[in-house]
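Hi there,

Here is the structure I promised to pass on. Have a look at it first, and then read my notes below.

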Amino acid sequence: MPRRVCLVIFPGFQVLDAAGPIAAFEAAGGYQLRVVATQAGPVRSSSGVSWLAENLPRNGGDTMMVAGGEGVDAAVDNLKLLRFLHRAPLHWERVSSVCSGSLLLAAAGLLDGRAATTHWSRTDQFQRQFPRVNLQPERIFVQDGRIWTSAGVTAGIDLALAIIGRDLGVEAARAVAQELVVYYRRPGGQSQFSALISMQAGQNRFDSVLEHVRSHLRERHSVEDLAARACMSPRHFARAFREETGHTPAKAVERLRLEAARNALDIPGASVQRAAIECGFGDPERMRRSFVRLLGVPPSVLRRPAPQD
(Lines give C-alpha, C1' and ligand atoms only; values in the text may rest on other atoms or scores of the structure.)
Protein backbone atom coordinates (compact mmCIF):
# COMPACT_ATOMS: atom_id res chain seq x y z
CA MET A 1 0.00 0.00 0.00
CA PRO A 2 1.35 3.47 -0.85
CA ARG A 3 2.12 5.72 2.08
CA ARG A 4 -0.32 8.62 2.27
CA VAL A 5 1.14 12.15 2.41
CA CYS A 6 -1.02 15.23 2.84
CA LEU A 7 0.38 18.72 2.03
CA VAL A 8 -1.57 21.51 3.73
CA ILE A 9 -1.54 24.90 2.01
CA PHE A 10 -3.30 28.24 2.59
CA PRO A 11 -3.56 31.61 0.80
CA GLY A 12 -0.09 33.12 0.63
CA PHE A 13 1.79 29.82 0.98
CA GLN A 14 5.35 29.52 -0.35
CA VAL A 15 5.34 27.32 -3.46
CA LEU A 16 8.73 25.74 -2.85
CA ASP A 17 7.76 24.76 0.70
CA ALA A 18 5.26 22.36 -0.85
CA ALA A 19 6.86 21.64 -4.23
CA GLY A 20 10.24 20.59 -2.80
CA PRO A 21 8.89 17.81 -0.57
CA ILE A 22 6.38 16.75 -3.24
CA ALA A 23 9.22 16.33 -5.75
CA ALA A 24 11.18 14.24 -3.25
CA PHE A 25 8.24 11.96 -2.41
CA GLU A 26 7.41 11.59 -6.11
CA ALA A 27 10.99 10.60 -6.93
CA ALA A 28 10.99 8.05 -4.12
CA GLY A 29 7.82 6.33 -5.34
CA GLY A 30 5.45 4.49 -3.06
CA TYR A 31 3.70 7.65 -1.84
CA GLN A 32 0.17 8.85 -2.48
CA LEU A 33 0.23 12.66 -2.47
CA ARG A 34 -2.61 15.09 -1.83
CA VAL A 35 -2.65 18.88 -1.57
CA VAL A 36 -5.38 20.13 0.77
CA ALA A 37 -6.75 23.38 2.18
CA THR A 38 -9.66 24.55 4.32
CA GLN A 39 -11.59 25.25 1.12
CA ALA A 40 -11.33 23.15 -2.04
CA GLY A 41 -10.31 24.90 -5.23
CA PRO A 42 -7.51 27.23 -6.35
CA VAL A 43 -5.28 28.53 -3.55
CA ARG A 44 -3.16 31.53 -4.43
CA SER A 45 0.49 31.36 -3.32
CA SER A 46 2.71 34.28 -2.29
CA SER A 47 4.10 34.31 -5.85
CA GLY A 48 0.64 34.74 -7.35
CA VAL A 49 0.60 31.21 -8.78
CA SER A 50 -2.44 29.20 -7.68
CA TRP A 51 -2.53 25.51 -6.79
CA LEU A 52 -5.63 23.34 -6.89
CA ALA A 53 -6.39 21.89 -3.46
CA GLU A 54 -8.84 19.34 -2.11
CA ASN A 55 -10.80 19.75 1.11
CA LEU A 56 -9.12 18.87 4.40
CA PRO A 57 -9.28 15.07 4.70
CA ARG A 58 -11.58 13.30 7.11
CA ASN A 59 -9.31 10.28 7.38
CA GLY A 60 -5.70 10.13 8.47
CA GLY A 61 -2.57 8.68 6.94
CA ASP A 62 1.16 8.46 7.28
CA THR A 63 2.58 11.98 6.97
CA MET A 64 0.89 15.35 7.13
CA MET A 65 3.05 18.33 6.16
CA VAL A 66 2.17 22.02 6.54
CA ALA A 67 3.73 24.56 4.19
CA GLY A 68 4.90 28.00 5.28
CA GLY A 69 4.83 31.37 3.58
CA GLU A 70 3.84 34.99 3.99
CA GLY A 71 0.20 34.00 4.47
CA VAL A 72 0.92 32.17 7.71
CA ASP A 73 0.17 35.29 9.77
CA ALA A 74 -3.41 35.27 8.52
CA ALA A 75 -3.67 31.47 8.59
CA VAL A 76 -3.01 31.33 12.36
CA ASP A 77 -6.42 32.98 12.81
CA ASN A 78 -8.19 30.32 10.74
CA LEU A 79 -10.02 28.33 13.43
CA LYS A 80 -11.05 25.56 11.04
CA LEU A 81 -7.41 24.97 10.10
CA LEU A 82 -6.21 25.11 13.71
CA ARG A 83 -8.85 22.60 14.83
CA PHE A 84 -7.79 20.25 12.03
CA LEU A 85 -4.12 20.56 12.99
CA HIS A 86 -4.85 20.12 16.69
CA ARG A 87 -6.51 16.75 15.99
CA ALA A 88 -3.93 15.66 13.41
CA PRO A 89 -1.80 13.54 15.80
CA LEU A 90 -4.86 11.41 16.46
CA HIS A 91 -5.12 10.43 12.80
CA TRP A 92 -1.64 10.86 11.29
CA GLU A 93 1.45 8.85 12.15
CA ARG A 94 3.69 11.85 11.55
CA VAL A 95 2.90 15.58 11.61
CA SER A 96 5.41 17.99 10.10
CA SER A 97 5.93 21.53 8.86
CA VAL A 98 8.19 23.39 6.47
CA CYS A 99 9.55 26.88 7.11
CA SER A 100 7.10 29.18 8.93
CA GLY A 101 4.47 26.44 8.83
CA SER A 102 5.74 25.62 12.32
CA LEU A 103 3.89 28.72 13.52
CA LEU A 104 0.65 26.95 12.60
CA LEU A 105 1.63 23.81 14.50
CA ALA A 106 2.51 25.97 17.49
CA ALA A 107 -0.76 27.91 17.26
CA ALA A 108 -2.60 24.59 17.25
CA GLY A 109 -0.84 23.60 20.48
CA LEU A 110 1.18 20.76 18.97
CA LEU A 111 4.61 22.14 19.90
CA ASP A 112 4.15 23.03 23.57
CA GLY A 113 7.04 21.55 25.52
CA ARG A 114 8.62 20.21 22.33
CA ALA A 115 11.76 21.09 20.41
CA ALA A 116 11.13 22.72 17.03
CA THR A 117 12.65 24.98 14.41
CA THR A 118 11.42 27.54 11.89
CA HIS A 119 12.75 29.94 9.26
CA TRP A 120 15.44 32.09 10.85
CA SER A 121 13.59 35.32 9.98
CA ARG A 122 10.65 34.18 12.13
CA THR A 123 12.72 33.44 15.24
CA ASP A 124 11.84 36.55 17.26
CA GLN A 125 8.15 36.32 16.38
CA PHE A 126 8.06 32.62 17.24
CA GLN A 127 9.76 33.03 20.61
CA ARG A 128 7.53 35.97 21.50
CA GLN A 129 4.26 34.25 20.56
CA PHE A 130 5.06 30.70 21.67
CA PRO A 131 7.42 30.81 24.67
CA ARG A 132 6.47 27.25 25.71
CA VAL A 133 8.17 25.81 22.63
CA ASN A 134 11.83 24.84 22.85
CA LEU A 135 12.79 26.68 19.67
CA GLN A 136 16.10 25.69 18.08
CA PRO A 137 16.38 28.38 15.38
CA GLU A 138 19.63 27.24 13.80
CA ARG A 139 18.57 23.69 13.06
CA ILE A 140 17.78 22.55 9.51
CA PHE A 141 15.10 20.24 10.87
CA VAL A 142 14.07 18.88 14.25
CA GLN A 143 12.25 15.68 15.15
CA ASP A 144 10.57 15.48 18.53
CA GLY A 145 8.62 12.26 18.73
CA ARG A 146 6.01 12.19 15.95
CA ILE A 147 6.35 15.93 15.27
CA TRP A 148 8.88 17.12 12.70
CA THR A 149 9.65 20.75 11.84
CA SER A 150 12.08 22.19 9.32
CA ALA A 151 13.70 25.52 8.56
CA GLY A 152 13.20 27.73 5.54
CA VAL A 153 12.21 26.72 2.03
CA THR A 154 14.79 24.21 0.71
CA ALA A 155 15.10 22.65 4.18
CA GLY A 156 11.76 21.06 3.35
CA ILE A 157 13.64 18.84 0.91
CA ASP A 158 16.05 17.83 3.68
CA LEU A 159 13.05 17.02 5.85
CA ALA A 160 11.44 14.94 3.10
CA LEU A 161 14.70 13.04 2.53
CA ALA A 162 14.91 12.25 6.24
CA ILE A 163 11.32 10.99 6.21
CA ILE A 164 11.98 8.91 3.09
CA GLY A 165 15.07 7.47 4.77
CA ARG A 166 12.96 6.51 7.76
CA ASP A 167 10.19 5.00 5.62
CA LEU A 168 12.08 3.33 2.79
CA GLY A 169 15.69 3.18 3.94
CA VAL A 170 18.87 5.16 3.49
CA GLU A 171 19.61 3.88 -0.01
CA ALA A 172 16.19 5.00 -1.26
CA ALA A 173 16.72 8.48 0.19
CA ARG A 174 20.20 8.64 -1.30
CA ALA A 175 18.80 7.76 -4.72
CA VAL A 176 16.18 10.51 -4.41
CA ALA A 177 18.87 13.04 -3.53
CA GLN A 178 20.84 11.99 -6.60
CA GLU A 179 17.73 12.32 -8.76
CA LEU A 180 17.03 15.82 -7.43
CA VAL A 181 20.74 16.79 -7.60
CA VAL A 182 20.87 17.78 -3.93
CA TYR A 183 23.13 16.71 -1.09
CA TYR A 184 22.23 13.59 0.83
CA ARG A 185 21.97 14.78 3.36
CA ARG A 186 22.45 17.82 5.50
CA PRO A 187 21.99 16.69 9.12
CA GLY A 188 19.17 18.27 11.07
CA GLY A 189 21.71 19.98 13.32
CA GLN A 190 23.43 21.87 10.54
CA SER A 191 23.09 25.62 10.86
CA GLN A 192 20.65 27.49 8.62
CA PHE A 193 23.14 30.26 8.03
CA SER A 194 26.78 31.26 8.35
CA ALA A 195 28.07 31.43 11.91
CA LEU A 196 29.96 34.61 11.08
CA ILE A 197 26.98 36.35 9.47
CA SER A 198 24.69 35.43 12.35
CA MET A 199 27.10 37.09 14.80
CA GLN A 200 27.64 40.20 12.69
CA ALA A 201 24.30 41.88 13.28
CA GLY A 202 24.15 45.54 12.28
CA GLN A 203 27.03 47.78 13.29
CA ASN A 204 28.83 45.23 15.42
CA ARG A 205 31.99 46.63 16.97
CA PHE A 206 33.39 43.11 17.18
CA ASP A 207 33.29 42.43 13.42
CA SER A 208 37.06 42.88 13.12
CA VAL A 209 37.64 40.51 16.03
CA LEU A 210 35.44 37.85 14.43
CA GLU A 211 37.17 38.27 11.08
CA HIS A 212 40.54 37.85 12.81
CA VAL A 213 39.39 34.64 14.49
CA ARG A 214 38.11 33.19 11.24
CA SER A 215 41.37 34.04 9.48
CA HIS A 216 43.54 32.59 12.28
CA LEU A 217 41.64 29.56 13.53
CA ARG A 218 44.77 27.74 14.67
CA GLU A 219 45.55 30.41 17.28
CA ARG A 220 44.42 30.00 20.90
CA HIS A 221 41.99 32.98 21.05
CA SER A 222 41.64 33.35 24.80
CA VAL A 223 39.30 36.01 26.19
CA GLU A 224 42.37 38.02 27.20
CA ASP A 225 43.79 37.90 23.67
CA LEU A 226 40.50 38.87 22.04
CA ALA A 227 39.87 41.62 24.59
CA ALA A 228 43.29 43.11 23.86
CA ARG A 229 42.48 43.14 20.14
CA ALA A 230 39.26 45.00 20.94
CA CYS A 231 41.13 47.39 23.30
CA MET A 232 38.90 46.41 26.23
CA SER A 233 39.33 44.75 29.61
CA PRO A 234 38.61 41.00 29.55
CA ARG A 235 35.60 41.38 31.84
CA HIS A 236 34.05 44.24 29.86
CA PHE A 237 34.83 42.50 26.57
CA ALA A 238 33.19 39.20 27.61
CA ARG A 239 30.02 40.96 28.76
CA ALA A 240 29.73 43.29 25.76
CA PHE A 241 30.57 40.53 23.27
CA ARG A 242 27.78 38.31 24.54
CA GLU A 243 25.28 41.19 24.52
CA GLU A 244 26.03 42.04 20.89
CA THR A 245 26.59 38.61 19.35
CA GLY A 246 24.44 36.38 21.56
CA HIS A 247 27.42 34.10 22.29
CA THR A 248 30.28 33.93 24.75
CA PRO A 249 33.71 34.46 23.13
CA ALA A 250 34.55 30.78 23.58
CA LYS A 251 31.31 29.63 21.93
CA ALA A 252 31.81 32.07 19.06
CA VAL A 253 35.31 30.71 18.40
CA GLU A 254 33.98 27.16 18.54
CA ARG A 255 31.21 27.93 16.05
CA LEU A 256 33.63 29.52 13.59
CA ARG A 257 35.96 26.54 13.87
CA LEU A 258 33.07 24.14 13.44
CA GLU A 259 31.82 25.88 10.31
CA ALA A 260 35.31 25.89 8.79
CA ALA A 261 35.76 22.20 9.60
CA ARG A 262 32.37 21.34 8.10
CA ASN A 263 33.32 23.14 4.88
CA ALA A 264 36.71 21.42 4.84
CA LEU A 265 35.09 17.99 5.16
CA ASP A 266 32.86 18.76 2.18
CA ILE A 267 35.93 18.37 -0.05
CA PRO A 268 35.96 14.75 -1.33
CA GLY A 269 38.54 12.66 0.50
CA ALA A 270 39.29 15.33 3.13
CA SER A 271 41.19 14.17 6.21
CA VAL A 272 39.37 14.50 9.54
CA GLN A 273 42.68 14.82 11.37
CA ARG A 274 43.93 17.56 9.09
CA ALA A 275 40.63 19.44 9.38
CA ALA A 276 40.88 19.26 13.17
CA ILE A 277 44.36 20.75 13.13
CA GLU A 278 43.79 23.39 10.45
CA CYS A 279 40.56 24.59 12.06
CA GLY A 280 42.03 24.96 15.53
CA PHE A 281 40.54 21.98 17.36
CA GLY A 282 43.97 20.47 17.87
CA ASP A 283 42.90 16.84 17.67
CA PRO A 284 40.07 14.83 16.05
CA GLU A 285 38.47 13.79 19.34
CA ARG A 286 37.97 17.38 20.47
CA MET A 287 36.46 18.18 17.08
CA ARG A 288 34.23 15.12 17.25
CA ARG A 289 32.81 16.20 20.60
CA SER A 290 32.08 19.66 19.19
CA PHE A 291 30.31 18.21 16.13
CA VAL A 292 28.17 15.88 18.23
CA ARG A 293 27.26 18.62 20.71
CA LEU A 294 26.36 21.29 18.14
CA LEU A 295 25.31 19.31 15.06
CA GLY A 296 24.19 16.05 16.58
CA VAL A 297 26.47 13.95 14.36
CA PRO A 298 30.22 13.14 14.29
CA PRO A 299 32.50 14.50 11.52
CA SER A 300 32.55 11.12 9.79
CA VAL A 301 28.88 11.54 8.83
CA LEU A 302 29.58 14.79 6.98
CA ARG A 303 32.89 13.78 5.41
CA ARG A 304 32.57 13.25 1.67
CA PRO A 305 34.42 10.16 0.47
CA ALA A 306 37.08 10.37 -2.20
CA PRO A 307 35.73 9.77 -5.73
CA GLN A 308 36.04 6.25 -7.08
CA ASP A 309 38.37 5.63 -10.03
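**What I found**

Buried residues account for 48% of the 309 residues in the protein chain, where buried means under 20% relative accessible area, exposed means over 50% and partly exposed is in between (1.4 Å probe, protein chains only). Before you go on, please note that this is a predicted model, in which local features need pLDDT of at least 70 and side-chain atom pairs count only at pLDDT 80 or more, while totals for chains, interfaces and linings use all residues. Residues are numbered from 1 along each chain as its sequence is written, and side-chain values use heavy atoms, with hydrogens and water left out.

**The whole chain**

The protein chain has 15 helices and 10 strands. Both are DSSP runs numbered from the N terminus: helices are H or I with at least four residues, and strands are E with at least two.

How does the radius of gyration of the protein chain fit a compact globule? A compact globule with 309 residues would have a value near 19 Å, and the protein chain has 21 Å, which agrees. The radius is taken over C-alpha atoms, and the globule rule is 2.2 Å times the number of residues to the power 0.38. Along the principal axes, the C-alpha atoms fill a box of roughly 65 × 50 × 35 Å.

Now for contacts, meaning heavy atoms within 4.5 Å. Of the contacts in the protein chain with a separation of 6 or more, 63% are between residues 24 or more positions apart.

On the outside, the protein chain exposes about 15,400 Å², and carbon and sulfur atoms supply 49% of that. Accessible areas come from the Shrake-Rupley method with a 1.4 Å probe, and for residues only the protein chains shown count as cover.

**T118 and C99**

Try finding T118 in the loop between strand 7 (115–116) and helix 5 (123–129). T118 counts as buried because its relative accessibility is 0%. Which backbone oxygen lies 3.4 Å from a polar atom of the T118 side chain? That oxygen belongs to C99. For a polar contact, a pair of N or O atoms must be within 3.5 Å; within protein, one must be able to donate a hydrogen and the other to accept it, and residues adjacent in sequence count only if both atoms are side-chain atoms.

C99 itself sits in the loop between strand 6 (92–97) and helix 4 (102–107). Its relative accessibility is 7%, so C99 counts as buried. C99 also has a positive phi, near 60°, and is not a glycine.

**A few more to click on**

- H221 is not a glycine, yet its phi is positive at about 60°. You'll find H221 in the loop between helix 9 (207–215) and helix 10 (223–229), and it counts as buried at 9% relative accessibility.
- L135 is in strand 8 (residues 134–135) and is buried at 11% relative accessibility. Leaving aside neighbours within four places in sequence, L135 is in contact with A116, T117, T118, T123, F126 and Q127. The C-alpha atoms of L135 and L111 are 9.4 Å apart, with their places 24 residues apart along the chain.
- A108 lies in the loop between helix 4 and strand 7, and is buried with a relative accessible area of 8%. Not counting residues up to four places away in sequence, A108 touches L82, L85 and H86.

Happy exploring!
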